[in-house]
Amino acid sequence: MFWQLYQYSIKQTLRQKMTMFWILLFPIILGTLFRVSFGDYLDTTLVFHQIPVAYVAQEGADPSFEEVLNALEEENEMIQMIPADSGKAEELLKEKKVEGIYYNGESIRLAVEEQAVNESILSSVLEQYQRVKTTVEQIGRENPQAIPKALQLLKQQPQYLREISITDTPQNVMTDYFYALIAMNCLMGVTMGLEIVVGYKANLSNLAARRVSAGISRFGMLLPDLAAKFTIQYLCSVCSVCYLMYVMKISLGDKPGLLFLTVLVGSMTGIFLGFFIGGIGTYKKSMKEGICVCIMMLSSFLGGLMVGGIYRFLEKRAPLINRVNPASLMVNALYSLNIYEGYEKYTQCMVSLLVITALLGAGAFALIRRERYASI
Amino acid sequence: MQVFKVFFKVLNKHKLTLCIYIVIYLMISIAISSSTQESGRQEFSKVSLSIAVENQDQGELGTALVSYLEQQNRIQELPPGRQALQDAMYYQEIDYALVIPDDFTERFQEGKGEELLEGTTVPGSRASALIENEIQQYLTTASMYLAAGIEPEYAWQLAAEDMKQSAQVEFLEENDNQSLPNGYYFFQYIPYVFLVLMILGLGAVMKTFRDKDLSARNKCSATSFLWQNVQIMMGCVLFTLGVCMIFIVMAYLLEGQYMYTISGLLSAVNALIFSICAAGVAWFCAQIAKNGQELNAMSNIFGLSFSFLGGVFVPLGLMSSSVQKVSKFIPSYWYVVANEEIQKIGSLEEAGEIYQYFGMVLMFALAFFAAGLLVNRMKQRLA
């Protein structure tokens, strides 16, 4: 009996085109849009690339500055020098082909279009040149014999810093949007959870009214439905996560097993949330649908789907929200998996999520058990 | 004018959804304009970065180094524990973490300063390249003075003096350094809300008129088919203008000063032209959607994809060049480009290119109307 009803329920759900659109296609579309819009954010804004800069030699140019720039280009790979005349250089700067222009004349100047990190690095290069010049002059005044020794040191470029990387995995704050997207996908299960109740409570649908009068136990009809909806929800979520990981090539960490476990628990939370909301009161289906969508969107919003960094903001101002909001818990679980070495925080999030799911499930069953309808 | 009246009666049934979108938009644009109140920059100054420092050094070089870094950057305490540091760096609250060991001054003076400082960074980040460069510069200068036989304390002082030299940096054009007015942000997100409002509003009404039984009944009424369609058309035009007016009035109330400039005027025209295009998209959607649920799905698909790909939500500069090429096939791209250009001009004579962008958006509107007509014709033939 269980398997028969389970099969029917699966078939019925798969044929609901709109439901399938929202739980399978919509996350994939949104994921694709996220990927094309800011998938390259890290590369375009944070990662260090050789900075292209135009170089304009004017009358009275200081030849040693050009030498320094050449060295920076060839040895340090810090800048990419493009010699040009001043008209061409300005054109390049306006077209954003270069980040700045060095004018080497009576004095050395830098022209830029905006004020950002790359421009600061260019200005720092120029400063460095002028500072070294001052330093050598100063040493010349204090102790002229020591100039060769000092210059020797400048050539050696001793490295005073020992660099430590913060994590082994690449970090990208934009990944948070994808975590939030996965959380939303799991929470889309609310509509499925609601469908279960609609097919169960006789005041909500004709199907349920017919079922009440059937010969088998109502609980026996509920379980296969729950299992079928959960199966589809989980499989759809896994599909979109796989799509993000393998087609869109988004790095979601190197622990896919635990990632899918999080999705499993998240899907369960989504289904039971809808199940619980559906169980409350005798409101119409459309009203309950509205509440479900509102709660899902609010939860996703607080998890960082629309505004990145909201998790961090809430952690400082209202940490309680992050402890009870399912989307935030999922986002944080996935984040901890990717960033921290240990599993302490991940386990904390997962336990909270399981507790919430259990409470929702228990609440829903308490609401709908022993419901009887008057025979008229 | 029964049909015209019915048009708005049907629309009235969807007022709640439409109002919610308008209110949410209003709230978001107020939030954005209040959070982006930056003052215009006059002179170039290097970006200020956040450095977390733990200075254990018992000598004076550590303190000298920190006070040098402090001139340009924000110095804060190192967050306790590795996880807290990881969190702060992930969310870009700290760009660099520096630990200065207790015997730093001593060993630096002995000439054994190499790799003594511990710098924690996000691998490959530009900000850390900048900070590392600053630290290296200062310490190299200090070591040059030491090598020249200058007393350590005097050497730190001389190094700090040298570091005060600043480069001569200027902006290529004077208005390059000005931040964007709030009006820009108000108009930036309009494509999304227009598309959603038009598809959910206009689309829903047209869907109702296209209902099989209802349209069959209407066709055999005394009112001519042409007059019916003219009335529906008038309803569409009035609704489109109405939505546009609501947002322009909202702009006047919120950004009055901006709206009285040439840029404000052009922004309003830009929004009006985009509303025509959005109406075209809504017309197209109404032809292919089977019911209200599908229309709802389409409002999300068109609204979100046009906004993301067109550079409404995420600046175009952040996208890779190949994506930007695709973006050109989306009307909101031309809206966004026009909105950016509008901020740069001072008079209508300079607006030549902007009119071209307006033209592009109108072309897209025409394309969507035509596509909708095609679908309509094909459906009629198949029916």
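This is a short tour of the contact between chain A and chain B, followed by a visit to one helix of chain A. The model on screen is predicted, and every value below was computed from it.

**The two chains together**

Begin by colouring chain A and chain B separately and selecting the residues where they touch, which are 80 residues of chain B in contact with 84 residues of chain A. Between them the two chains bury about 8000 Å², and 58% of that area is on carbon and sulfur atoms. Within chain B, now select B:Tyr90, B:Arg126 and B:Met144, since these residues lose the most area to chain A and together make up 11% of what that side buries.

**Polar links across the interface**

Next, show the side chains of A:Lys316 and B:Glu93, which meet in a salt bridge with a distance of 3.0 Å from N to O. Between chain B and chain A the count is four salt bridges, while the count of residue pairs in polar contact, both residues being at pLDDT 80 or more, is 23.

**The side of chain B that touches chain A**

Switch to a cartoon of chain B and pick out the elements that each supply at least two residues of the side touching chain A, among them α4 (82-90), β3 (96-100), α7 (152-163) and α14 (292-309). Then select α6 (126-147), another of these elements; the largest share of this side of chain B, 16 residues, comes from α6(B). If you colour this side of chain B by residue class, you will find 41 nonpolar, 23 polar and 16 charged residues.

**Strands that pair between the chains**

Which strand of chain A is joined to β5(B)? Select β4 of chain A, residues 108-112, and you will see that this strand runs parallel to β5(B), with four bridges joining the two. For a single place to look along this pairing, centre on A:Val112, which stands opposite B:Phe171 in β5(B).

**A helix in chain A**

Finally, leave the interface as a topic and select helix α11 of chain A, residues 218-247, whose 30 residues reach 43 Å from the first C-alpha to the last, close to the 44 Å expected at 1.5 Å a residue. Inside this helix, show A:Asp225 and A:Lys229, which lie four residues apart, about one turn of the helix, and which form a salt bridge whose closest N and O atoms are 3.8 Å apart. Over all chains, a search of the whole structure finds 14 salt bridges. End the tour just after α11(A), at A:Lys249, where phi is positive at about 55 degrees.

Definitions and conventions: Residues numbered from 1 in each chain as written. Chains lettered and ligands numbered in written order. Predicted model: local features only at pLDDT ≥ 70, side-chain atom pairs only at ≥ 80, totals over all residues. Heavy atoms only, no water. Contact = heavy atoms within 4.5 Å. Buried area = accessible area lost by both parts, 1.4 Å probe. Polar contact = N/O pair within 3.5 Å; in protein donor to acceptor, adjacent residues only side chain to side chain. Nonpolar A, V, L, I, M, F, W, Y, C, P; charged D, E, K, R; others polar. Pairing = 2+ DSSP bridges. Expected span 1.5 Å × (residues − 1).
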